[in-house]
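Work through the following exercises with the model at hand, and try each task before reading its solution.

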Amino acid sequence: MTTVRLNSADPVSIATDALVVGFRSGQDGPRAATAAESLDAAFGGKLADSLKAVAFTGKAGEVAKLPTFGAIAAPLLVAVGLGDAPDEEALRRAAGAAVRSLAGTSRAALALPAGTPEEAEAVALGGLLGAYAFARYRTNGAQKAPVSELTVVSEQQDGVAERAGVLAESVSLVRDLVNTPPSDLWPAKFAEIAEQVGGKAGLSVEVLDDKQLKDGGYGGLIGVGQGSVNPPRLVRLSYSHPEAAKTLAFVGKGITFDSGGLSLKPSASMDWMKSDMGGAGAVLGAILGIARLGLPVNAVGYLCLAENLPSGTAQRPSDVIHSYSGKTVEVLDTDAEGRLVLMDGIARAAEDGPDLIVDVATLTGAQIVALGWRTAGVMSNDDAVRELVVEAATAAGEGAWGMPLPEELRKGLDSPIADIANLQPERWGSMLAAGIFLKEFVPDGVRWAHIDMAGPAFNKGEPYGYTPKGGTGAITRTLIGLAERHASI
């Protein structure tokens, strides 16, 4: 596991394997953002020329490596681009990109702008997230080990590094869960992990098995999970603080594998469906982070866990299920299953009397069509809540965009035999229609937001910044940020 600490020494004198220095781009070439004078002196005034020679410009995300030949204490200088006017997210990404490029190196020092607590935390967090690796199934040793020791050059206090460590640990857990194949992460196993890590963090944990779910009227969870030999689970995690004035409830979609059920997905759309539990992962990671930070807020998390498979016992298109709220739902498409488990989780969460419910889900392919792979869609029954969630996501560096819930789309969910159908017949606006469906299960007067992160939860492309290929841990930090904002109200 990678560790991080702060050090206020001149970066050119720090004994480490690699010194990472941030450079801003400029008309006259790259300019060191920190320790410019000592670095320039150490390299005899030739550092900028050397970087220009390898076509380094300081553009955000660029990384260049130069041997130091004893000019500074570290044998390797890593120049990372910050762009023109770096903000905290630019610092996180720069630190992450640099640390990723140093896989196979034991120690690295990060000399990036870290003059404020926020900047220092951004550098530390970016470095820790960039050092992430999922090597559980590697047997040939081909994957280089990540950097094990990070030093952030800053005069800030060590508490900054400790907070970054908590955030990184929460995100890394979610990444691990998303990356784990469904053969090793079925609903009961996920619930067992939640019990273990939740217990260690001092959380109260309750797990309902399939018999308890059936007896309790959780028709959505039972319906989605009935086609699998691995039955569903509902996990409730609770954190309380004696000084808390607000209670937040987070509900996560936890489909440990989604084949689409009898409404079978094409194989090309199925190969990354181990990530369909990313919402539940984010909720678990966030509740753990809130507890470890000791935030003065009450937080409850619900993990709605099921495996959606086709079989002789699977639910069928045109089946009607009875939700926990009492409303009946006609199932027109078994691949619109996430909203069926969430409707039960939302209705149950409302019984805790929260000030806000936020559900998180890899819910629709329409989110990717509308907003791409890196931007989550945020919907709410309250405009101020929607903007609050978007602000928290933006502050965390997690892309999110507020979306409407048009009233006219509700008619498309009408059913001739049940209270509501789980799918509208038209493709248009289907991300929004899914949000409208979930809104039906939020009691009147309860503030609620829905985050559709189908794309952001899993990076199918190349790594970038502090984001690896595969599970990203998206929205975990957003939820923790929401708890912090409510703790300060």
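**Exercise 1.** Determine which residues of helix 4 meet which residues of helix 5, and sort the residues of this contact by character.

*Solution.* In this predicted model, local features need pLDDT of at least 70 and side-chain atom pairs count only at pLDDT 80 or more, while totals for chains, interfaces and linings use all residues. Residues are numbered from 1 along each chain as its sequence is written, and side-chain values use heavy atoms, with hydrogens and water left out.

Step 1: helices (H or I, at least four residues) and strands (E, at least two) are DSSP runs numbered from the N terminus, and helix 4 covers residues 117-130. Step 2: taking contact as heavy atoms within 4.5 Å, Pro 117, Ala 120, Glu 121, Ala 124, Leu 125, Leu 128 and Leu 129 of helix 4 meet Val 160, Arg 163, Ala 164, Gly 165, Leu 167, Ala 168, Val 171 and Arg 175 of helix 5. Step 3: these residues divide into eleven nonpolar, one polar and three charged, where Ala, Val, Leu, Ile, Met, Phe, Trp, Tyr, Cys and Pro count as nonpolar, Asp, Glu, Lys and Arg as charged, and the others, Gly among them, as polar.

**Exercise 2.** Describe how helix 5 and helix 9 are oriented to each other, and which residues of helix 9 take part in the contact.

*Solution.* Step 1: the axes of helix 5 (residues 159-179) and helix 9 (residues 278-293) come within 9 Å and cross at roughly 155°, the axes being lines fitted to C-alpha atoms over the stretch in contact and the angles running from 0 to 180 degrees between N-to-C directions. Step 2: the two helices are therefore roughly antiparallel, a class that takes angles over 145 degrees. Step 3: on the helix 9 side, the residues that meet helix 5 are Gly 278, Gly 281, Ala 282, Leu 284, Gly 285, Leu 288, Gly 289, Arg 292 and Leu 293. Step 4: the residues of this contact divide into nine nonpolar, five polar and three charged.

**Exercise 3.** Establish where UniProt places the feature "binding site", and how these residues lie in space.

*Solution.* Step 1: an unreviewed UniProt entry places the feature at Lys 253, Asp 258, Asp 276 and Glu 337. Step 2: they span 85 residues in sequence, yet no two of their C-alpha atoms are more than 11.4 Å apart, so they gather at one spot. Step 3: the place of Lys 253 is in strand 10 (residues 247-258).

**Exercise 4.** Identify the residues through which helix 10 meets helix 13.

*Solution.* Step 1: the axes of helix 10 (residues 338-350) and helix 13 (residues 430-439) come within 9 Å and cross at roughly 35°. Step 2: Arg 339, Leu 340, Leu 342, Met 343 and Ile 346 of helix 10 meet Ala 434, Phe 437 and Leu 438 of helix 13. Step 3: this contact holds seven nonpolar residues, no polar and one charged.

Technical notes: Angles under 35 degrees count as roughly parallel, over 145 as roughly antiparallel, 65 to 115 as roughly perpendicular and the rest as oblique. UniProt positions are given in the numbering used here, feature names are shortened, and annotations may be inferred rather than shown by experiment.
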